[in-house]
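Okay, thanks everyone for squeezing in. Let me put the model up and walk you through the fold.

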Amino acid sequence: MLRRSPRPRRDHRRVRAARAALAPLASGRLLVVFVAVVLYAVGAPVSAAVHGVPAELALFAVLLQCGALVLALFRAELGVAAALTGVLLVVLGADPDRGPWPWTVPSLLTFGTLLAVLGVRRLGRVGLTAWLASLVLTGVLAVVLPDGAGDEGTNLTVYASNSALLLGAGTVVGARRRVREELARSRRDAEAEQSRRVVVEERNRIARELHDVVAHSMSVIGVQATTAQYRIADLSPAARAEFDDIAAQSRTALAEMRTLLGVLRSNGDGGELAPRAGLEGLEELAEGARRAGSRVRLHVDPPLREQPVPSAVGITVHRIVQEGLSNVVRHATGAAVEVGVLRARPGLVVEVRNGPAPDGFAPAPDAGGHGLVGVRERAALLGGSVEAGPTPEGGFVLRADLPWEGGA
């Protein structure tokens, strides 16, 4: 079996690499700078040697004209003024008997290029004004100054026709660029709208599944836990309290589920982005972990209780503590847990630290959830950071630094 030669693939790679290396040179500004340098390198010696412009004056006048090309990229009117000044100096210094006059070949090429640049930049009015001003200026000079061969009319006609052609070509290119930009903008808007519709449809689908499956199951759990003391005879007080806790937890979960369903079914961007939760709900989270068998100690700095924190920060703190306690309940039930929400400038620090699990405890199998990933994403939205990992004592620590603008 014959093997294909890898040479064509290598050639394609070389071509792509060459295109990538030359891509910056294809930009319009670099092209204008390159053309200006070439015109100056050719125009200065031609103006001095062919048209009789003094060398020093030729260097300065052509520099004004070629520099006007670059200047027109940023200040069009100032570029036109510099170019007309350079043309005037060349007309005054050139010898009418030694070549075309009042428009020398370098001046015609340079000023025509300037008109083309103005047209591409969609500055048609400035370009038309510059074209008319150049005709009036050189026409007046041709009448006032003494002439040589008497072909000023032909020279002005050639300049007027060629410069008008360059201005028109640049205007066409500029109009084409505008149409392409508008089409690209319309295409991006259509793609963004399509993406938004896809997101809305997916959110509605998720909301339906949550409502039909998860919410229904949680409702059943809540009803069973609430009616257990009436359906099951001879329940001990501890068992009744356990069923009451299960019913309370299911009601809380359903309340947050309803808020989440409202968020998912909302098409606007100005509504709440998460279920309502904050620092005031931390004690409930700690109490739930205690009922599950963990020894939880919660500490919130008094200034944070007195000074209201932004809702986004409160929700993030709530979710971080919830995730930390959930991990303890799943993987180290019965361990001592220290939960701290501490004031730190310019924000606060949230830390959930637990010790090792009691002897004989079998942790729940790790299904590889995304809780820590979600916590990191929430903290990143506030400009904060999250650290998580085992402690030397055999426990685990989850720490988050959350800044906010008013926390300084």
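So, when I say helix or strand, I mean DSSP runs numbered from the N terminus: H or I over at least four residues for helices, E over at least two for strands. On that count, the chain has twelve helices and five strands. Do keep in mind that it's a predicted model, where local features need pLDDT of at least 70 and side-chain atom pairs 80 or more, while totals for chains, interfaces and linings use all residues. Numbering starts from 1 along each chain as its sequence is written, and side-chain values use heavy atoms, without hydrogens and water.

Now the sheet. The five strands make an open, mixed sheet, ordered β1-β2-β3-β5-β4; pairing here takes at least two DSSP bridges between two strands. β1 (295–300) and β4 (385–390) have a single partner strand each, so they're the edges, with one side lacking a neighbour in the sheet.

Over at the β4 edge, β4 and β5 (396–403) run antiparallel, joined by six bridges. If you want a spot to look at, V386 sits opposite A400 in β5.

What packs on this sheet? Helix α11, residues 311–331, touching β1, β2 (336–344), β3 (347–354) and β5; contact means heavy atoms within 4.5 Å. α11 points about 10° from β3, with angles taken from 0 to 180 degrees between N-to-C directions of lines fitted to C-alpha atoms, for helices over the stretch in contact. Then there's α12 (371–381), lying across β4 and β5 at about 150° to β4.

Last bit: of contacts with a separation of 6 or more, 71% link residues 24 or more positions apart.
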